[in-house]
Amino acid sequence: VERKWTLHIDCLFSGSPLPIIKWRLPDGRPVKEGKSRIRLQKKGNQLRIGNANPQDAGLYTCTARSWFGQKSVSVRVIVKEPLMPVIFDGRTKRKAGSSIEFAEGEEVEIFCRDTPDTGSKLSWKGAGKEMESSLQNSVLSALGRMTSDLAGLYQCVAENDVGNV
C-alpha cells in the first residue's frame, strides 16, 4: 500500500457456529476494538489501517477460533513512500516552480531530488534531447550549455515499484 492510503484486509472464515475472529499486529499484540487508526470493521472480519505509514509494515495475523479448533492466516503489509521528485534551480539552489528559463549560452544546472529518499530510479526526459546527467545520493543533476536546439520541456521522472511520476 502507498503511504497515507487506507488499507482493508478481509478475514473470511465460515462454520457453524460461526468462528470468533481475532487479529494480531506485527508485534504480536491483539488489535483492539475502537476508533484508532488501526481498527476492526465488519464484526471483526476486516482489519482497517488508515493513513498507512512505514511503521505499519509487517505480518498481520487473523485467527478464527471455534469449538472445533482454530485456523490462522497471515498477510504481509508493505508500505511504500509515494514518489515526489523535486526540481532545484542550480543557479539559486532553491526549489523551482513548474518551469525554469535559461537564456541561450547560459550554463544549465538543474537538480532533481527524490524526497523523501524512496530509492527511486531518477531520469531526465523531454524535448527529444538528452542532457548529461549523473546520479549521486538520490540527486539527479543535468549540466550543459543552453543552445536553441536544447530548448523545450524537460521532466524529472522518478520510478519505483509503486509507480512513476
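Reader: How much area does the protein chain expose, and what share do carbon and sulfur atoms supply?

Author: Accessible areas come from the Shrake-Rupley method with a 1.4 Å probe, and for residues only the protein chains shown count as cover. Here the protein chain exposes about 10,900 Å², and 50% of that comes from carbon and sulfur atoms. The model is predicted: local features need pLDDT of at least 70, side-chain atom pairs count only at pLDDT 80 or more, and totals for chains, interfaces and linings use all residues. Residues are numbered from 1 along each chain as its sequence is written, and side-chain values use heavy atoms, with hydrogens and water left out.

Reader: What percentage of the residues count as buried?

Author: Buried means under 20% relative accessible area (1.4 Å probe, protein chains only). Of the 165 residues in the protein chain, 36% meet this.

Reader: How many helices and strands does the protein chain have?

Author: Helices (H or I, at least four residues) and strands (E, at least two) are DSSP runs, numbered from the N terminus. The protein chain has 14 strands and zero helices.

Reader: In what order do the three strands of the open sheet lie?

Author: Strands of a sheet pair through backbone hydrogen bonds, either parallel or antiparallel. Two strands pair if DSSP finds at least two bridges between them. In this open sheet the order is 2-5-6, with antiparallel pairing. Strand 2 (20–24) and strand 6 (69–77) are the edge strands, each pairing on one side only.

Reader: How many bridges join strand 5 to strand 6?

Author: Nine bridges join strand 5 (residues 58–66) to strand 6. Across from T63 stands S72 in strand 6.

Technical notes. Buried < 20%, exposed > 50% of the residue type's maximum accessible area, 1.4 Å probe, protein only.
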